[in-house]
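Visitor: Hey, can you walk me through the pockets in this one? I'm new to it.
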Amino acid sequence: MSNRVVITGLGAITPVGIGKDEFWKNLLEGKNGIEKITRFDASEYGAQIAGEVKDFDPTAFIDKKEAKRMDRYAQFAVAAAKLAIEDAKIDLEKEDCDRIGTYIGAGIGGIETMHSQYEKLFAKGPSRISPFFIPMMIANLATGHVAIQFGLHGPSECVVTACATGTNCIGDAFRVIQRGDADAMLAGGTEACISEAAVAGFAAMKALCMDHNDDPAHASRPFDKNRSGFVMGEGAGIVMLESLEHAKARGAHIYAEVVGYGANSDAYHMTSPAPHGTYQAKCMQLALDDAGLKADEVDYVNAHGTSTHLNDEGESEAIKAVWGEAAKNVSVSSIKSMTGHLLGAAGGVEAIATALTVENDMMPPTMNYETPDEGLDLDYVPNKAKAKTVRAAMSNSFGFGGHNACLVLKKYAE
């Protein structure tokens, strides 16, 4: 018999707030976290806006010397993990840390470090490259640093599945606890990609919103007819997962129970989703089947909802295919309308939002939803948070390369 798995700690570093309380409050208020880029001079770029994390001081979470040896994406991960540990009120000195692991991924990794070190290489030659270049750049060092910082010796891996990364990490960590290989796992995603090369690259693909540079608050508009591309964001979302037995033994607060996980591949195109959301629908059904739930028992979907034409259309079709007649009753919203798209961190941050939705029976809005699009006729929770009993919720993430991942969270009951 597999272990039941629950969420007991939430660590959020986001463009709309640091820490779960500020993050949740601002989501419900529909606060915009998208502004002009300040990480570099973007005045000549097609896309000049992003969801940056404001007022982040790594030394509030990490020793100053250690912080200097980490790329920003890894700093975010350690900070979010610390917040999740504190929120879970778990005393690691009293725990068997051989039984606590870390599954934390990044879609890109240390691209800011890569950019700065290439500049040094081309301007001053190979002798000026930092000895910390490689460990600051590689994507697995986020999970590595978290394990090192907190002395966690359990399973430690880094999933890299583009925008599905955070959700895959949580789902895979869920499986680790289910099968009894760990008592607890820190899991989620992190990303810090608001750099010259990344912004230029995504803009060259025509993936980014480039027609709202002077109106960033209204740039990300998932499911709206006038959506024109995603807005890049940064941050980290990490959850503490525990077996129910372990959580109960220490009297932990339980936000929600993880009951289902689905993952599959479109196997279709490098960047475009398969037509009609066919394999996204199959992924959602896999998660529901794993949870032992019917679609009409799920009251809310935290959508991938990127504000791109293909994603929002396909995801809406997929939801209607899975829910059938019950699609008119399910509520769907995208917090990317406020945070931007956090790429590898998106699934982690959105799992936190989904857990809080399940606990509080409050659904964050899809901001900037003004003009309905033909065929996109679900309840997108437009522009204002909505109170609704949420028995169970799904969180969707879909990444370049055709990676699909879905989680189902349920209200905890004995």
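**Pockets and their linings**

Guide: Sure. The second largest pocket has a volume of about 150 Å³. This is a predicted model, where local features need pLDDT of at least 70, side-chain atom pairs count only at pLDDT 80 or more, and totals for chains, interfaces and linings use all residues. Residues are numbered from 1 along each chain as its sequence is written, and side-chain values use heavy atoms, with hydrogens and water left out.

Visitor: What counts as a pocket?

Guide: On a 1 Å grid over the protein atoms alone, a pocket is an open set of points where a 1.4 Å probe fits, with protein on both sides within 12 Å along at least five of seven lines; lining residues have an atom within 4 Å of a point. Volume is the space filled by probe spheres set on the points, which are joined across faces, edges and corners.

Visitor: Which residues lie nearest the centre of the second largest pocket?

Guide: Arg4, Gln178, Glu257, Val258 and Val259, out of 13 lining residues. Two or more residues each come from α7 (165-178), β9 (256-265) and α10 (278-291). Helices (H or I, at least four residues) and strands (E, at least two) are DSSP runs, numbered from the N terminus.

Visitor: Which element gives the most there?

Guide: β9, with three residues.

Visitor: Okay, switching: what volume does the largest pocket have?

Guide: About 470 Å³. Thr271, Ser272, Pro273, Thr308 and Phe400 are the closest to its centre, among 30 lining residues.

Visitor: And which element has the largest share of that lining?

Guide: α11, with three residues.
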